[in-house]
Amino acid sequence: MRIWRQRMDMSQEKSVTLGLIVLVIGAVAIGLAAPLVKLSELGPQAIGFWRMALAIPAALLWMAFDRNPPATDATPHGWKRYVFLALPGLLFACDLAFWHAGIKITTAANATFLANLQPVFVVLGAWLIFGQTITRRFMIAAGLSVAGAAILSSANVSIAPERLPGDVLSMMTAIWYAGYILAVRQARTYASTGTVIACTCAVTAPVLLGVTLAFGETLMPPTLADWWPLIGLALGVQIIGQGGVAFGLGRVPAQIASIVILIQPIVAALAGWLMFGEALVGIQFLGAGLVLVGVYLAQRRARAAASPRSAN
């Protein structure tokens, strides 16, 4: 019996480690979203629509080869199952609608940071909704990561009136994104990564199509070259990025995942510097270092919780 338990503990530790690795890969891919949005000539809502619509074929293919976890007593049945699978898509539609609108006004690094204040709301949601305990170590890791992300984007923060609306929209995105993370974490307890991603794309795309038409934005890209940023958003950011996050959320607690995802501002800042000449100064490297320290502490916490030694 003891040997069986040790094997189960080792299997759980490997699962968490794999989840953390894929989360990092997903976060890096998502960090390229802001620069790709800026490269597109379409309006912000049309960009969001194409990001999701172009990702649907790949998501359906993923779902076809990805098996759902075994059913348990907690698995919802009937209409409840479809409601819970649709919820991430609805929340993600709000996330993209607000964030894509904001990114067109403010800087790439700033918009990514403000949207990624989501750990604050993820922690609150995990505590209020699911009754999960928040440890002191986690709070230290979260504090370091959020502070680092703030420092990282500080050089690009502007109080100019023309940028404030973009900052506000990006800040509100954090609430929607936190809800999305919690909803995906819940859905992954009974649905595969491919199923969650396919349902998210299928729900988000028509919602954003309606928003695009309501705002009177041009739907079709003006040239063939304008399709490339949209394809990059669909396959790179949505399938690889958000797919990696959904995969990781099936193995890592939502609070830990919300910190690991804060790697995004580092990638966005580097991409903004290389692609748009958005300045990087010395203090921003300090911010990036704090983010990485917080991520390191968070992943250590996740691995320690799954380690066989923690059970002894």
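A residue counts as buried when its relative accessible area is under 20%, as exposed when that area is over 50%, and as partly exposed in between, with a 1.4 Å probe and protein chains only. The structure discussed here is a predicted model, in which local features need pLDDT of at least 70 and side-chain atom pairs count only at pLDDT 80 or more, while totals for chains, interfaces and linings use all residues. Residues are numbered from 1 along each chain as its sequence is written, and side-chain values use heavy atoms, with hydrogens and water left out.

The chain has 14 helices and zero strands, where helices (H or I, at least four residues) and strands (E, at least two) are DSSP runs numbered from the N terminus. Of its 312 residues, 50% count as buried. Taking contact to mean heavy atoms within 4.5 Å, residues 24 or more positions apart account for 92% of the contacts in the chain that have a separation of 6 or more.

Two buried residues can be set side by side.

| Residue | Place | Relative accessible area |
|---|---|---|
| Serine 192 | loop between α9 (164-187) and α10 | 2% |
| Threonine 212 | helix α10 | 0% |

Not counting residues up to four places away in sequence, serine 192 touches Asp66, Arg67, Asn68 and Pro69. A polar atom of the serine 192 side chain lies 3.5 Å from the backbone oxygen of aspartate 66. With the same neighbours in sequence left aside, that is, those up to four places away, threonine 212 touches Gln45, Ala46, Phe49, Glu217 and Leu219.

Two packed helices are described by the angle between their axes and the distance between the axes. Helix α10 (residues 193-214) and helix α11 (residues 227-249) have axes that come within 9 Å and cross at roughly 125°. That makes α10 oblique to α11, given that angles under 35 degrees count as roughly parallel, over 145 as roughly antiparallel, 65 to 115 as roughly perpendicular and the rest as oblique. The axes are lines fitted to C-alpha atoms, for helices over the stretch in contact, and the angles run from 0 to 180 degrees between N-to-C directions.

On the side of α10, the contact is made by Thr193, Ile197 and Cys201, and on the side of α11 by Gln238, Ile239, Gln242, Gly243, Ala246 and Phe247. These residues divide into five nonpolar, four polar and no charged, where Ala, Val, Leu, Ile, Met, Phe, Trp, Tyr, Cys and Pro count as nonpolar, Asp, Glu, Lys and Arg as charged, and the others, Gly among them, as polar.

Conventions. A polar contact is a pair of N or O atoms within 3.5 Å; within protein, one must be able to donate a hydrogen and the other to accept it, and residues adjacent in sequence count only if both atoms are side-chain atoms.
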